[in-house]
Amino acid sequence: MELGFFDGEFIDLKERRVLLEDRGYQFGDGIYEATHVYNGKCFALDRHLARCRRSLRELRIPITYMDEELTAIHNDLIQKSGVKNGVIYFQITRGVAKRNHAFPDSVVPLLSMTIRESKTNTKWQEEGIHCTLFEDIRWLRCDIKSLNLLGNVLAKQASHDKNVQGTIQYRKDTNLITEGSSSNFFVVKDGVIWTHPISNLILKGVTRSILVEKIIPSLGYTLVEKAFTPEFAKSADEAFATSTSLEVTPVVHLEDATIGNGKPGDVTKSLLAAYHDLVKKECGSLS
Ligand code: PMP
């Protein structure tokens, strides 16, 4: 069952609750997180909560929730909804105030959440996905997980328009790939794994961090956090996208190019297997 949480209460998702002058609604003035639930447990929630705190600090939104409190609400949502495998989305907006661009005084941030069943696309993981390239037109604070997602929305729509599964963005001024529309992007070339470095131009994905800090070193691969061009990516041996929902999903086609032999590569497959092992260790099982 799906379930919502709004301003302290568990509610039906269909209930009308948006407040007209919520700054999240009017300015996109807020942040969000999405966490994967496996076997009735949130995976890597501590990392999501740490990123949430950072996003709030960067936007100077007062931090009015303890991690323990947010963790308890996540667990309550799982219990009350009965969801075993799904996604919990939460957002914190700066709060409700008379419309004016500058920060209002004394406003209290507003938390809302949803939980829904959802399944990882295992067909995509087994066969790989096709992606289009799209100019990255987003603002210069892509490191903040802000509610302003129009650049990402237009990027994702480009893949729908072209009938492919994903979009990889590149900056026109540098001709360098940044990330997917809602994922981080990696390539493997001559045995080396490449991904864009942490900067204001990409979101520091939780899945990316788990790969970079834990999985890649444990498997003994060489990683360089360095940006690369679309041409470099097209000539790579393997490519893959990472996110909470995609986990590690092979990219086998980029715009007009086939990556490697057009099938998920061995490095990508080993990273996904190791990621699944970590999920099983933390959540007990994958489903
Ligand atoms: N980049 C962007 C732009 C995203 O929206 C996401 C998904 N939230 C990611 C990367 C991947 O982040 P994560 O691994 O934390 O889901």
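Phe185 is buried, with a relative accessible area of 1%. The model shown here is predicted. Phe185 lies in strand β10, which runs over residues 184-189. Its C-alpha atom and that of Ala241 are separated by 4.6 Å, although the two residues are 56 residues apart along the chain. Leave out residues up to four places away in sequence, and Phe185 still touches Ile168, Ile177, Glu179, Gly180, Trp194, Thr195, His196, Phe228, Ala233, Ala239, Phe240 and Val251.

Two of those partners, Trp194 and Phe228, lead to the next feature. Phe185, Trp194, Phe228 and Phe232 form one aromatic cluster. Within it, how are the rings of Phe228 and Phe232 arranged? They form a tilted pair, 5.9 Å centre to centre, with 40° between the planes. Phe228 counts as buried because its relative accessibility is 3%, under the 20% limit. Phe232 also has a charged neighbour: Lys189 lies over its face, at 5.6 Å from the ring centre.

In total, the structure holds nine aromatic pairs. Another of them joins Phe5 and Phe10, and this pair is edge-to-face. The ring centres are 5.0 Å apart, with 65° between the planes. Is each partner buried or partly exposed? Phe5 counts as buried, at 6% relative accessibility. Phe10 counts as partly exposed, at 29%. The ring of Phe10 has a charge over it as well: the charged end of Lys80 sits 5.0 Å from the ring centre.

Now turn to the nonpolar cores. The largest has 24 residues. Which residues have the most contacts inside it? They are Ile31, Ile88, Phe90, Ile92, Leu111, Met113 and Ile115. Several elements build this core: β1 (3-6), β3 (30-38), α2 (45-58), α3 (67-81), β5 (86-93) and β6 (110-117) each supply at least two of its residues. A second, separate core has 22 residues, including Ile193, Ile210, Phe240 and Leu271.

Phe90 gives a closer view of the largest core. Neighbours within four places in sequence are again set aside. Phe90 is then in contact with Ile31, Tyr32, Glu33, Leu49, Cys52, His74, Leu111, Ser112 and Met113.

Helices come next. Helix α5 covers residues 150-161, twelve residues in all. At 1.5 Å a residue, α5 should span 16 Å, and its end C-alpha atoms are indeed 16 Å apart. Which residues of α5 are buried? They are Gly151, Asn152, Ala155, Ala158 and Ser159. These residues cover an arc of only 115° around the axis, so they are on the same side of α5. The spacing along a helix helps to explain such a pattern. An α-helix has 3.6 residues a turn, so residues three or four places apart point the same way.

What do the buried residues of α5 pack against? They pack against β7 (129-135) and β8 (166-171). On the other side of α5, Leu150, His160 and Asp161 are exposed. After α5 comes Asn163, whose phi is positive, near 60°.

Asp136 is in the loop between β7 and α5. Is Asp136 buried or exposed? Asp136 is buried, with a relative accessible area of 2%. Leaving aside neighbours within four places in sequence, its contacts are Gln169, Tyr170, Arg171, Thr178 and Leu201.

Helix α8 has 18 residues, 266-283. Its expected span, at 1.5 Å a residue, is 26 Å. Its end C-alpha atoms are 25 Å apart, which agrees. The buried residues of α8 include Val267, Thr268, Leu271, Leu272 and Ala274. Tyr275, His276, Leu278, Val279 and Cys283 are buried too. Leu271 has already appeared, as a member of the second core. After α8 comes Gly284, whose phi is positive, near 95°.

One last stop is Lys226. Lys226 lies in the loop between β12 (222-225) and α7 (230-234). With 47% relative accessibility, Lys226 counts as partly exposed. Setting aside residues up to four places away in sequence, Lys226 touches Trp194, Thr195, His196 and Pro197. Trp194 belongs to the aromatic cluster with Phe185, where this tour began. How far is Lys226 from Gly82 in space? The two are 42 Å apart, C-alpha to C-alpha, and 144 residues apart in sequence.

Conventions: Residues numbered from 1 in each chain as written. Predicted model: local features only at pLDDT ≥ 70, side-chain atom pairs only at ≥ 80, totals over all residues. Heavy atoms only, no water. Phe/Tyr/Trp six-rings, centres within 6.5 Å; stacked < 30°, edge-to-face > 60°. Buried < 20%, exposed > 50% of the residue type's maximum accessible area, 1.4 Å probe, protein only. Lys NZ or Arg CZ within 6 Å of the ring centre and 35° of its normal. Helix = DSSP H or I, 4+ residues; strand = E, 2+ residues; numbered from the N terminus. Expected span 1.5 Å × (residues − 1). Arc of directions from axis to C-beta. Contact = heavy atoms within 4.5 Å. Core = buried A, V, L, I, M, F, W, Y, C linked by side-chain atoms within 4.5 Å.
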